[in-house]
Amino acid sequence: MKKVTIADFKRKKERGEKIVMVTAYDYPFAKIVDEAGVDAILVGDSLAMVVMGYDDTHRIGMKEMIHHVKAVANAKPRAMVVADMPFGSYEESPEKALRNAIKLIKAGADAVKIEGGAELSNTVRKLVQAGIPVMGHIGLNPQRYLTVGGYKLMGKDVAKAVKIVRDAKVLEEAGVFAIVIEHTVAEVAKVITESVSVPTICIGSGPWCDGQVLVLHDVLGLSPEIPYFAKTYVDLRGIALNAVRSFVEEVKKGVFPSREHYRSAGTNYLEELRKVLSKD
Ligand code: KIV
């Protein structure tokens, strides 16, 4: 099985084949999404919210990201493993970004993703020069929700849309191999997709992109709140809840474990054991 590379991403855009990326944060789900045929597995910093239960992505750092990248990489997926650079790991300087990106690659990532636009061009250049494939992330940057004023739809007015399109071009020039476009009006993503040579992968930015990405917990029905732009394909929460409820019920009723779930030592064993113990 040939590993998906950045050359495959490029080829897909040229051929008009859609790219599919989904998040995963651990070994079993990395195995499942890889078997399902995704091109890339994003170890997203969304893990702060969907796995750790925090209200935003600010509270996790390199330690948590490395831990989860290792779990995903242990699945040895055919899909490319993309690791998010968490809040605080790259903003200070390109040098700091490089040190942290190297840690993610050593943990098993095949590429890193960084939130931000033109202001990151030197950082992207530094990482790419060091041999690290970088995925850009523009439009809504959840790590900057405090300055944005929430998880807003971006690019509604043309002046702001122009900046997002320019960000995409600067990132392409700096060397990113793909760009995530999050929560913009669909027209902005369309214009960017037509104006850059690298693939665009959208979340909440409409259908005119080279690929789509979703948060796995939204796809599986495990998130408490699902954004309007995501789609839930199964009620895994309901399925898991019923399964664990059945376990609770069976233990209480003495139905589990039944005869096939344990091994017994034989007919005279209990008597013998009790006899020996009685001499203590
Ligand atoms: O962290 C994440 O899951 C992401 C996706 C929303 C693209 O960055």
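Begin by selecting Cys202 and Cys209 in this predicted model and displaying the S-S bond: the torsion about that bond is about -80°, so the disulfide is left-handed. The two sulfur atoms lie 2.0 Å apart. A search of the whole structure finds one disulfide, and there is no need to look for another.

Next, colour the chain by domain. Domain 1 covers residues 6–234, and domain 2 covers residues 239–278. With both domains in view, place a marker at each C-alpha centre; the two centres are separated by 48 Å.

Now select the ligand, which occupies the largest pocket. Show the residues around the ligand as sticks: Thr23, Leu42, Gly44, Asp45, Ser46, Asp84, Lys113, His137, Glu182, Ile203 and Val215. Colouring this shell by residue class gives three nonpolar, four polar and four charged residues.

Within the shell, turn to three side chains in succession and display the distance from an N or O atom of each to an oxygen atom of the ligand.

- Ser46: the side-chain atom is 2.5 Å from a ligand oxygen.
- Asp45: the corresponding distance is 3.0 Å.
- Asp84: here the separation from a ligand oxygen is 3.1 Å.

Finally, add the accessible surface of the ligand. How much of the area that the ligand exposes when taken alone does the protein bury? The ligand alone exposes 260 Å², and the protein buries 94% of that area.

Conventions: Residues numbered from 1 in each chain as written. Predicted model: local features only at pLDDT ≥ 70, side-chain atom pairs only at ≥ 80, totals over all residues. Heavy atoms only, no water. Near = heavy atom within 4 Å. Polar contact = N/O pair within 3.5 Å; in protein donor to acceptor, adjacent residues only side chain to side chain. Areas by Shrake-Rupley, 256 points an atom, 1.4 Å probe, with all protein chains shown as cover. 1 Å grid on protein atoms, 1.4 Å probe; cavity = no way out; pocket = protein on both sides within 12 Å on 5 of 7 lines; lining within 4 Å. Sits in = over half its atoms within 2 Å of the grid points. Nonpolar A, V, L, I, M, F, W, Y, C, P; charged D, E, K, R; others polar. Domains from an automatic or database assignment. Disulfide = S-S within 2.5 Å.
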